[in-house]
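Here is my note on the model, for you to read beside the coordinates. The points run from strand pairing to cores to overall totals.

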Amino acid sequence: MIQKLKTKVGASIGITLLSMIIIGTSYGIFVVTSDKYKASELLISNLLYGIEIKTTGGNETINNKTVTTNKTSTILVTITSLNNIESKYSLEYKIKNGNGNIYYASTTGWYPSGKISPSGKEIYKKTIKVVIETTTNIEVEFNVNGGYAYNEEPPSLIGYTKITEEYNKTINHEEGTNLNEIIENETECENNKCIYGGETKNNYLQYPTDKTNNQNNIWRIIGTYEEGTKIISNITTTTKQSEILTSLTTFYNTLEKQTDYINQTNKFNCNQEGCTESSYTNIGLISTYEYNQIGGLSSYLNPTNNYFSLNNTGIENITPNGIENTNVNTTSGLRPVVYLNSEVNVTGSGTETDPYRLTPKGDIILASATLNGSPLETFPKETDPYIVKEVKCTNGTKGYWDNERKTIRLTEINMPASCVVDFKEGHTVTLTATNGVVSSPVSKVVGRSGRTSYTVSASNGYTLEGSTLTCDNGATITRSNNTVTITEINGPETCNITMKE
């Protein structure tokens, strides 16, 4: 189950009036239609928006619409439409005290301006990732401005400035970071789902890896579910509705390391309640609900060619002009979707020119490394006799050594951030032999690999066969011929092998 981000929350309501001049004396006498809305309806209610601000793990203070911080911070601002028509929105800010710059993050799902659909429809709120850049105390108030979708975008609210500049700094995960954690820190999560917004630019993923061409084998990340991270491929081929299952199986067989990377599940029937079982296993189709939730024609899922989607148990055809019903003989594009295992790590920054690439679990190369506080020229290898003492990051980002996964983990990532990993000497492991001899050295210093081995021999009158092996601190000890191997070393260990007479 996906864990929610720890947040500080503020909520408020912004109200914006649309200025109009109507010639006439009453609504009943004078009614003018413009597109699909009556002018009289436009005057009956004001435009209402809700604002909710959450931290991504920094030290800022949030009080309703106001954010106070003394260093660069990243926040999530969720705009909710409370209107019964499609309207425009524009996220704006006012610096009440201090100095700094306000941007939208390059990793945000939604832009700070655009259209927002009526409350209760598929998309009625959008979460924008905002960066407050400062080195001194600053107090920023946010508000949302709006207008009707078929009119020109209204001017800024008095005293406010629209957010128009992009904070174009992205994190490059050189040695591997957990993909689920990246998504949870870049999107708004609710109901065990973290769905990317429709305009996000940092959700490109290449699978299988092709280091000679970063445009091959591209997928886009939909988001995370209880089943794992869901990705959708670019259109690879066309097929008939009656042949979708066969085509998906053929495509699945071209993927590498399926059992390592892909979650074995059949839950591809996805709607607002979650994902349930479908007729597809391990690989399936995107649901029409997900397509609409991400933004449909205004999202990164907008097709240049038709492709199939799943709507409950029925098949539909997503086209550049909308969604059409199909029959068994309909031919359309195939954009398979799969769930990646929750433990999958990636390298890269997720951009079109530097897509994420799947990688086995491993360490994250960070800004620098130290040994008991003294600088190291290179980041220690797993086989070096050092273990992680502490991970220190700037800007509220937190890191720690995950002993179970044998990797450094970053949590509550708050851009921009740099981290220093401080190492210390590894664990001392000593092997003694009763009725036998351990080849020198009998004591070794073991690093992050958590394993070491020794060569042993039995004294006269004793044999290695049937010998007894023990460790006093929980490590695992095994023997093969005259080699004793100790693994899962998480602390100092004294082990013993007793030869049999």
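**Notes on the fold**

1. V438 and V456 stand opposite each other, the latter in strand 41. Their strands, 39 and 41 (residues 452-458), pair antiparallel over 3 bridges. Bear in mind throughout that this is a predicted model.

2. The wider setting is an open sheet. Its 4 strands take the order 39-41-44-43, with antiparallel pairing. Strand 39 (436-438) and strand 43 (476-480) are the edge strands; each has a single partner, so one side of each lacks a neighbour in the sheet. From one strand to the next, the twist averages 30°.

3. Another open sheet also has 4 strands. The order is 40-38-45-42, and the pairing is mixed. At the edges stand strand 40 (443-446) and strand 42 (463-471); a single partner strand serves each, so each has one side without a neighbour in the sheet. Neighbouring strands in this sheet are turned by 25° against each other on average, direction ignored.

4. How many bridges join strand 38 to strand 40? There are 4, linking strand 38 (residues 427-434) to strand 40, and the two run antiparallel. For a residue to look at, take V429: K444 in strand 40 stands opposite.

5. Strand 32 (residues 368-371) deserves a look for its two pairings. With strand 37 (residues 419-425) the sense is parallel, over 4 bridges. There, S368 has V420 of strand 37 as its bridge partner. With strand 33 (residues 374-375) the sense is antiparallel, over 2 bridges. In that pairing, L371 is bridged to S374 of strand 33.

6. Please check the turn between strands 32 and 33. The hairpin has 2 residues between its strands, and N372 takes a positive phi near 50°.

7. Helix 2 (residues 179-186) is a buried element. Of its 8 residues, 8 are buried, so the helix is largely enclosed by the rest of the structure. The buried set includes charged and polar names as well: among them are N180, E181, E184, N185 and E186. L179, I182 and I183 are buried too. At the helix start, a side-chain oxygen of N178 comes to within 3.2 Å of the backbone nitrogen of N180.

8. Now the cores. In soluble globular proteins, nonpolar side chains tend to be buried together. Here the largest nonpolar core has 47 residues, and L205 and L285 touch the most other members. What does L205 contact, leaving aside its neighbours within four places in sequence? The partners are L179, N217, I218, W219, I221, I231, L340, V346, P355, Y356 and L358. L179 thus appears twice in this note: as a contact of L205 and as a buried residue of helix 2. A second core is separate, has 26 residues, and includes I53, V67, Y89 and Y148.

9. Overall totals. The protein chain holds 5 helices and 45 strands. It has 501 residues, of which 52% count as buried. Among contacts with a separation of 6 or more, 69% come from residues 24 or more positions apart. The accessible surface is about 23400 Å², and carbon and sulfur atoms account for 45% of that.

Definitions and conventions
Residues are numbered from 1 along each chain as its sequence is written. This is a predicted model: local features need pLDDT of at least 70, side-chain atom pairs count only at pLDDT 80 or more; totals for chains, interfaces and linings use all residues. Side-chain values use heavy atoms; hydrogens and water are left out. Two strands pair if DSSP finds at least two bridges between them. Axes are lines fitted to C-alpha atoms, for helices over the stretch in contact, and angles run from 0 to 180 degrees between N-to-C directions. A nonpolar core is a set of buried Ala, Val, Leu, Ile, Met, Phe, Trp, Tyr and Cys residues joined through side-chain atoms within 4.5 Å. Buried means under 20% relative accessible area, exposed over 50%, partly exposed in between (1.4 Å probe, protein chains only). Contact means heavy atoms within 4.5 Å. A polar contact is a pair of N or O atoms within 3.5 Å; within protein, one must be able to donate a hydrogen and the other to accept it, and residues adjacent in sequence count only if both atoms are side-chain atoms. Accessible areas come from the Shrake-Rupley method with a 1.4 Å probe; for residues, only the protein chains shown count as cover.
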